Amino acid sequence: MPRISFNGIAKSYGDTQVIKTFSADVPDNEFLVLLGPSGCGKSTMLRMIAGLTDITEGQLEFDGAAVNGTGPNERDIAFVFQSYALYPHLSVRANIAFPLLMSRFKPYHHLPLVNALMRRRMLRDPEIDAQVRRVADMMELTDYLDRRPRTLSGGQRQRVAVGRALVREPSVYLLDEPLSNLDAMLRTQMRAEISALHQRVRKSFVYVTHDQVEAMTMGTRIIVLNEGVVQQYGTPKEIYDRPANTFVARFIGSPPMNLMDCELDGRSVRFPDGTVLELPEGGAAPDGPARGITLGVRAEKVSVEAADTAKAGALPARVVVSEYLGAETVVAFQLGTRMDESGTVGGRDLLHARIPGEVRLAAGDACAVRLDLTDASFFGSDGGGRLPVAAAKGVA
Amino acid sequence: MTSRLGSVMRGLGVTVLVALAGFPIYWLFTTATHTTGELFGGHVHLLPDLGRFATSMRDAASGVPMLRWLTNSAVVAFGTTLLSLAMAILAAYALSRYRFRGKGVFGFALFATQMLPEALLVVPLYSIFLTFGLLDNLGGLVLSDTAFAMPVAVWILKSAMDGVPPEIEESARVDGCPRYAILPQIVLPLIAPSIAAAAVITFFDGWNEYLFANTFITDERKWPASKGLASFVGEFVTPLNHVMAAALIFTLPAIVFFLFVQRRIVSGLTAGSVKG
């Protein structure tokens, strides 16, 4: 429910700054995804939102009120840990009910032995029982309420962790890579379930992941992080269509955006091998420098045809690998006619085309590549930032 | 075939180990059920004389305040256990979870207490006990035994607490559990097997301790059983059967305590808490 505002937030451990100063405003009820490679600081950022890690600089606000000094239990949040962090000595029922019990416990109830007695007594309370059953029904855990976490499968444990977060009906749900321990099939299923859950409860979600597919499919807003620096903040479409820099361009999308060095001469794009392509009428051209820039084209904007059928305006290339995925084929290729011995799959010079259906090209085949530059991105060579685009010309 | 042979060999190995471990108890029992004459008569009696068991026990306990000695031992052992565990749990939690100046030195100091022989400390401790009026006082014995038992308990519990994932505690904090309650609510149940192991070690430290008891307790009515047992050894005569019978009586409560606690010494309690 609350609007989350990051005002000049930064985090340092001693002299090492792990999250550089950044600001962002996340409207309420959004599904915010913190996305980035391992060690980029996304979990640290989530822990700062939770109050589990202190904020070194700046102010974190929930609905305009600073929460820097408040503890995790005062922020009206729920946290689903990557490792689930279930209480192994308690049943599923007691795990789910735990936040409810804590809100009712008096200080002396926490004493050893007394806590076990009070827990047992309160679990029989009709109100708590009803709340636990409601969540268990939602998470399909009703049959497992009296079991211990160790007897459950990974997916079931994950549901218990989410159920424990749900039962208190908090304002903000924080999820730290909750699907990373599940197998691919279960992950897809749980992804849909968490998205549905967000739709159902209409609360703010903050979700940490390194998986850009999760980010794109679940998030309504994404913060992309790298080495503690926020690279871009926007909707999935903004981030996919208009990446802020070459890091985001390569990190978002599978296969990643194709990046090619080029020079711009008016509306002509000149490649290092001398090939020249014209920007289409109506397509935007960058406002910035003409030399040493990087052209970015998404794989679905690239088409590949056999070399002998190629017409003018196609770039000569050679297929490195062709991956048939059923509904589509991803062709990895290198520009030029010679096969580069050092060109390895995933190398910087390896480009990709995503083509519907099947493509009859094998590794090593000469081919011709056609680029649709209508929505192309241009990045400066210095730092790889996105170049501002001039108003489109020639629009009818 | 190979697996069958393997299981037979394993069974044989276990039997030998059990026999080795159990033989002293058996020999205690056998010796206790024979008269001094029989024991020193030249024959080795391998089998216990079960008919004499009750008489032997009665004879051993007659003329000495055996029950009082056992009660004193229980007071010292339980006192040492409770005091050691109470302090060790807090110290272990601090060592496991917090970073503070001098943590390494503190940890080493705990180890260092185990390097000092008890005999070395008898004289300074006697002087301290004299000053504080702790001589002939079971409470004093509890304190001195705790000083030696607690560091071991701290290290056992610290390693157990190191194995409790910090996320579980953080999860409890998010769920509204106050920080002071995380230890009793979350951590202690998870390390129950190690607490039981530490309890066994500290209990036996207190139950078996002899040197301090012999030095600090002179009043016969305040002797723990370890000291009382030693009093059977005379200058000229040692009634070996009575010593063994009394030793058997002395051993039984400790065995009962161990059987009671060992149920808790099971591993794998934290299985299922984190990751699949």
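Two residues are taken to be in contact if their C-beta atoms, placed from the backbone, lie within 7 Å. By this criterion, Ile168(B), Glu169(B), Ala172(B) and Arg173(B) of helix 8 of chain B meet Arg179(B), Ile182(B), Gln185(B) and Ile186(B) of helix 9 of chain B. The residues of this contact fall into four nonpolar, one polar and three charged. The structure described here is a predicted model.

The axes of helix 8 and helix 9 of chain B come within 10 Å and cross at roughly 125°. Helix 8 of chain B is therefore oblique to helix 9 of chain B, and the crossing of the two is right-handed.

Both helices also take part in the interface between the chains. Here, 26 residues of chain B are in contact with 30 residues of chain A. On the side of chain B that touches chain A, helix 8 (166–174) and helix 9 (179–190) each supply at least two residues. The most is given by helix 9 of chain B, with seven residues. Sorted by class, this side of chain B comprises 14 nonpolar, seven polar and five charged residues.

A second helix pair in chain B consists of helix 5 (residues 103–113) and helix 7 (residues 138–162), whose axes come within 8 Å and cross at roughly 130°. Helix 5 and helix 7 of chain B are therefore oblique to each other. Their crossing is left-handed. On helix 5 of chain B, the contact is made by Leu110(B), Phe111(B) and Thr113(B), and on helix 7 of chain B by Ala147(B), Phe148(B), Pro151(B), Val154(B) and Trp155(B). Seven of these residues are nonpolar and one is polar, with no charged residue in the contact.

Chain A is divided into domain 1 (4–241) and domain 2 (257–380). Taken over C-alpha atoms, the centres of domain 1 and domain 2 of chain A are separated by 41 Å.

Strand pairing in chain A was examined next. Strand 1 (residues 4–13) of chain A pairs with strand 4 (residues 57–62) of chain A in the antiparallel sense, over five bridges. Within this pairing, Ser5(A) has Glu61(A) in strand 4 of chain A as its bridge partner. Strand 4 of chain A also pairs with strand 5 (residues 65–66) of chain A, in the antiparallel sense and over two bridges. Glu61(A) stands opposite Ala66(A) in strand 5 of chain A. Glu61(A) is thus placed opposite Ser5(A) and opposite Ala66(A). Strand 4 and strand 5 of chain A form a hairpin with two residues between them, and Asp63(A) in the turn has a positive phi of about 55°.

Another set of strands in chain A forms an open sheet of five strands, in the order 13-12-11-14-20 and with antiparallel pairing. Strand 13 (276–278) and strand 20 (377–380) of chain A stand at the edges and have a single partner strand each, so one side of each is left without a neighbour in the sheet. Neighbouring strands of this sheet are turned against each other by 40° on average, direction ignored. Within the sheet, strand 11 (residues 258–265) and strand 12 (residues 268–270) of chain A run antiparallel and are joined by three bridges. In this pairing, Leu264(A) has Val269(A) in strand 12 of chain A as its bridge partner.

Notes
Residues are numbered from 1 along each chain as its sequence is written. Chains are lettered from A and ligands numbered from 1 in the order in which they are written. This is a predicted model: local features need pLDDT of at least 70, side-chain atom pairs count only at pLDDT 80 or more; totals for chains, interfaces and linings use all residues. Domain bounds come from an automatic or database domain assignment. Two strands pair if DSSP finds at least two bridges between them. Helices (H or I, at least four residues) and strands (E, at least two) are DSSP runs, numbered from the N terminus. Axes are lines fitted to C-alpha atoms, for helices over the stretch in contact, and angles run from 0 to 180 degrees between N-to-C directions. Angles under 35 degrees count as roughly parallel, over 145 as roughly antiparallel, 65 to 115 as roughly perpendicular and the rest as oblique. A crossing is left-handed if the near helix is turned anticlockwise from the far one by less than a right angle, and right-handed if clockwise. Ala, Val, Leu, Ile, Met, Phe, Trp, Tyr, Cys and Pro count as nonpolar, Asp, Glu, Lys and Arg as charged, and the others, Gly among them, as polar.
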